[in-house]
Amino acid sequence: MNVPLISLQNVGKKYQQLAALESVSMNLNQGEVLGLFGHNGAGKTTMMKLILGVVSPTSGSVEVMGMAPDSKEAWHSRAKIGYLPENVSFYEQLTGLEVLTYFAKLKGYNKKAAIDLLEQVGISHAMKRQVKTYSKGMRQRLGLAQAFIGEPKLLLLDEPTVGLDPIATADFYRTVDQLKTNGSSIILCSHVLPGVEQHIDRAMILSAGRVLAAGTLSELRKNADLPVRIKPKGLNGAVSSDPKLNQFLTSELEQQTLFVPEQDKLTILKQLLSYDAMDDIQIEPANLEQLYQHYLTQQTSEFRGEQ
Ligand SMILES: Nc1ncnc2c1ncn2[C@@H]1O[C@H](COP(=O)(O)OP(=O)(O)OP(=O)(O)O)[C@@H](O)[C@H]1O
């Protein structure tokens, strides 16, 4: 039987009267990457803390590698988990190398492993400097190196790309892809949506402690039924004078773009291809940002009792 690495069943977490999470269920299998999204206070960090066993559920059950993560028996499996907290902080007086060697040794690895990781995240040139001299991005890279120690079986990353420059962000996603290929399971939670979607298998959108949407991006797209953007080039006025096409020119801002429901996509593409003058075409399905906006707006309308 294929036992999921993480299993949450109807999990609720209350802090005094405040429900930080309510009836959340999800499974994560080996080698899967889950993107966890939601506004401030949605419950993302709480979900990570429940999986780490740092806090216990008020209701429902959490299992990680077949055990309740807040139980005594789960201590041994902690070494197989990497965690990057939202606000990473270290002993300021120590050097980057001292910090990482300390964490590496806690997990049973040596100084050489720490040096390799500092190299991997691009701060080996500064490894002998005290952490107090590090920039925000360098601290974040050190945090990532700490989370990557020992190629963890499970990685929980809270806002991993905050403070990273574009090159470091690209390097980070390359590492995510590599770890996934090697069988690690990863949950990454981020407010920065562009660039994430190619690296996740599934997304979960939380709002006020509840799951608004969960599934693969194609499942979320299907469910949201958002139009596909089609941008033909070289047709000039032909689209607006074609009765089959002009009904899909619905945006004042993007006058040359057709917003086409998924089920009409092929018919419209065939119609466009019948024009010899068309010299290029861009087809864009709804991206993660648009899906996120859609599900949050839908929830707000339902809350107000709108259709
Ligand atoms: N230790 C705590 N005591 C009381 N309330 C808490 C505690 N930790 C979190 N909360 C509350 O639980 C809710 C969920 O918080 P959580 O940190 O999980 O959100 P988040 O989605 O990670 O937010 P952000 O994007 O701002 O980091 C918030 O209303 C928060 O104020």
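Visitor: What makes up the largest share of the shell around the ligand?
Guide: Helix α1 does, with three residues. The model is predicted. Both β2 (18-28) and α1 (44-52) supply at least two residues of that shell.

Visitor: Why are Y15 and K44 said to be around the ligand?
Guide: A residue counts if its C-beta atom, placed from the backbone, lies within 6 Å of the molecule. Y15 and K44 are among the residues around the ligand, and so are G43, T45 and E86.

Visitor: How do the residues of the shell divide into nonpolar, polar and charged?
Guide: Four are nonpolar, six polar and two charged. Gly counts as polar, so G38, G41 and G43 of the shell go with the polar ones.

Visitor: What makes L97 in helix α2 a buried residue?
Guide: The cut-off is 20 or more other C-beta atoms within 10 Å of its own. L97 is buried, so L97 reaches that cut-off. In α2 (residues 96-106), G96, V99, L100, T101 and A104 are buried too.

Visitor: Which helices do the buried residues of α2 pack against?
Guide: They pack against α3 (111-120) and α4 (136-148). Just after α2, G108 takes a positive phi of about 90°.

Visitor: What share of the chain is buried?
Guide: Buried residues make up 33% of the 307 residues. The chain holds nine helices and 12 strands.

Visitor: How far apart in sequence are residues in contact?
Guide: Take contacts between residues at least 6 apart in sequence. Of these, 69% join residues at least 24 apart. The C-alpha atoms fill a box of roughly 70 × 45 × 40 Å, taken along the principal axes.

Notes
Residues are numbered from 1 along each chain as its sequence is written. This is a predicted model: local features need pLDDT of at least 70, side-chain atom pairs count only at pLDDT 80 or more; totals for chains, interfaces and linings use all residues. Helices (H or I, at least four residues) and strands (E, at least two) are DSSP runs, numbered from the N terminus. A residue is buried if 20 or more other C-beta atoms lie within 10 Å of its own, exposed if 12 or fewer, and partly exposed in between; C-beta atoms are placed from the backbone. Two residues are in contact if their C-beta atoms, placed from the backbone, lie within 7 Å.
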